[in-house]
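Me: I have a predicted model open and would like a close look at a single residue in it, and then at how the parts around that residue fit together. Could you walk me through it?

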There are 2 protein chains.
Amino acid sequence: MKQAQQEMLDWHGTGMSVMEMSHRGPEYTSIAEQAEADLRDLMGISDDYAVLFLQGGASLQFPMIPMNLLRGKKQADYFNTGAWSTKAITEAQRFCDVNVVSDSTPNHFTTIADTKDWSLNSNAAYVHYTPNETIHGLEFADIPEVNGVPLVADLSSTILSRPIDVSKFGMIYAGAQKNIGPAGLCIVIIRKDLMGDVLPGTPTMLNYQTHADNGSMFNTPATYSWYLAGLVFAWLKKQGGLEAMATINQRKADKLYSAIDTSDFYANPVDLRYRSWMNVPFTLADSSLDKLFLQKAAQQQLLTLKGHRDLGGMRASIYNAMPEEGVDALIAFMKEFERQHG
Amino acid sequence: MKQAQQEMLDWHGTGMSVMEMSHRGPEYTSIAEQAEADLRDLMGISDDYAVLFLQGGASLQFPMIPMNLLRGKKQADYFNTGAWSTKAITEAQRFCDVNVVSDSTPNHFTTIADTKDWSLNSNAAYVHYTPNETIHGLEFADIPEVNGVPLVADLSSTILSRPIDVSKFGMIYAGAQKNIGPAGLCIVIIRKDLMGDVLPGTPTMLNYQTHADNGSMFNTPATYSWYLAGLVFAWLKKQGGLEAMATINQRKADKLYSAIDTSDFYANPVDLRYRSWMNVPFTLADSSLDKLFLQKAAQQQLLTLKGHRDLGGMRASIYNAMPEEGVDALIAFMKEFERQHG
């Protein structure tokens, strides 16, 4: 962020802000290409995949996925593990028959069914899942084995938090606002052989091939967000890449869950096997203290801890950008609050 | 830009960057609401219209317009006055019968047919036009009279450059990257009674009603771009609003065209009645000097003057952000270049 601030009015002595550059000029092209190269390097993305820098967030991917990936088929498989899965399913149902492979609704999105209880459909055009549910804090421990059907993952909240084997996926997408950069950018990593056969009536802008053929510059992209994402990629490489981030992120999550589990005052309802590294929802034993908890936390610069409006309580989002010291400070605050009010 | 730079790491003492805020938190809500209020004030937008802050650029509007505005009809009217009109038409043809009201292709987009030669269709669901064509520098002098059919305008390159009577339009849209702010934001101003009746198969994200019902926060919007747009709106109000900008912009354009027209070395082919205030394409008498012209201009910090790849030559884009002194400097440079090489 400091680098972005310094470069804001004059990028590398050009006399221009990144915001003022033509997206087709040599300066911006170098920024865009470096960002893609760094992301490919960080995630180990092979040339079999296109990397697209799009707009519209993950929510625009919900219709784009069936429009692009049904490829003549009529059915798709979806896991339902939380609010975001449900949204993806609702939108896909406008375009195809959705088979729900496993449904965590009955357990209030606190656990995921065992593999043996999944109902995978061999005629599905693809299998969609949400590796991490940001609202409920429910996360797949492993990449699902789906018998060769293209696997599609909404990686918005876990991308770049740890290494991932991209070759196991048909497509990965991620809204940038969690682990990448500012809102308004959506990254799509898609196997090239899956593109090009869209549903009739698909707008040109919703066809992945359009963007792949034009280096994500069919129209003006979200240039400044793309630039900021590039700064994050470069920063991650300097930190030691995704292995190093995984070590830190796992330690952050372990500490916070441990603080919750060893207390009678705080609670998290999620199955130990499927707890999110990124989003830790928790409740206070007495919910009438919620407001006071948030007020006192804010006084210590512990911000945006209010739980999602669908769930209430608290939620600590501990993405890459949250340093370990931030988690330590939260835990210390929680202990002190419990001592005073528990 | 300087204000954005100062506020980048800590917005108004909150300890947060705008990029780090929850888009549903009170801090960001105040930014978003103020931006909309200032835009409504600047443009005189009544409560009969929704103002939406979307993503995807004008190019995503090209399919959204027929998907949302056909409302049971099968035909739409389009003016063809340049590259952007043509793109809008090509996309609309996927969804309806397009009647071209007047076509400037035969005159190489250098003039617009007289009103008496327009073929308006009374069964059209709407009439679409591009008030200013950025590549060819061709601009409508007045708002077309279309006999009560909803008028839709791609105002990307002229929005906020002068006052406009919004009540004459069914819908206005504008990609932000010309006169508003950074790329990645698209503003839509739409009459409320025109929303809600979309084509079957329209994705939820491409339905204007979705965004109107959710204050443009159905999903995470391009928060930072929206904030920067708000800074621009506040800045425009301080400059004296759109009347003041119109005075400056007209003077800038008049000066530059005058410099071109009084020279035998530079030329602009557009009909005097339809010359753009914003984009001034011009050619040198000897195109082999183009490269030298661009090099020498860059040495004087006169940047991004290269003409669009479809047209060649030069193009001076003199949007709101270009001060009058910038145009004066360009004219002085052009005279000196002509003296040396003409």
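Reply: Happy to. A residue is called buried if 20 or more other C-beta atoms lie within 10 Å of its own, exposed if 12 or fewer, and partly exposed in between. With that in hand, take B:Ile135: because 17 C-beta neighbours lie inside 10 Å, B:Ile135 counts as partly exposed. Please keep in mind that this is a predicted model.

Where does B:Ile135 sit along the chain? You will find B:Ile135 in the loop between β5 (132-133) and β6 (138-139) of chain B. Once neighbours within four places in sequence are set aside, its contacts are B:Gly82, B:Ala83, B:His308, B:Asp310 and B:Leu311. B:Asp48 gives you a point of reference elsewhere in the chain: B:Ile135 and B:Asp48 are 87 residues apart in sequence, and their C-alpha atoms are 33 Å apart in space.

Now for the domains, using chain A. Chain A is divided into domain 1, covering 2-238, and domain 2, covering 241-341. The centres of these two domains of chain A, taken over C-alpha atoms, are separated by 27 Å. Between them, 24 residues of domain 1 of chain A are in contact with 23 residues of domain 2 of chain A. On the domain 1 side, the elements of chain A giving two or more residues are β6 (138-139) and α6 (223-238). By class, that side of domain 1 has 10 nonpolar, 10 polar and 4 charged residues.

Next, the meeting of the two chains. How many residues does each chain bring to the contact? Chain B supplies 40 residues and chain A supplies 40 residues. In chain B, the elements that give two or more residues to the side touching chain A are α1 (2-7), α3 (57-69) and α6 (223-239). The largest share of that side, 4 residues, comes from α3(B). Sorted by class, the side of chain B that touches chain A has 17 nonpolar, 21 polar and 2 charged residues.

The arrangement of the copies comes next. A turn of 180° with a shift of 0.0 Å along the axis lays chain B on chain A with an RMSD of 0.0 Å. The two copies are therefore related as by a two-fold rotation axis. The copies meet through the same surface, because 100% of the interface residues of chain B are also interface residues in chain A.

Finally, a word on confidence. Chain A has a mean pLDDT of 95, with 100% of its residues reaching 70 or more. The model as a whole scores ipTM 0.91 and pTM 0.94.

Technical notes. Residues are numbered from 1 along each chain as its sequence is written. Chains are lettered from A and ligands numbered from 1 in the order in which they are written. This is a predicted model: local features need pLDDT of at least 70, side-chain atom pairs count only at pLDDT 80 or more; totals for chains, interfaces and linings use all residues. Domain bounds come from an automatic or database domain assignment. Two residues are in contact if their C-beta atoms, placed from the backbone, lie within 7 Å. Ala, Val, Leu, Ile, Met, Phe, Trp, Tyr, Cys and Pro count as nonpolar, Asp, Glu, Lys and Arg as charged, and the others, Gly among them, as polar. pLDDT is the predictor's confidence in each residue, from 0 to 100. Copies are superposed by least squares on the C-alpha atoms of residues with pLDDT of at least 70 in both.
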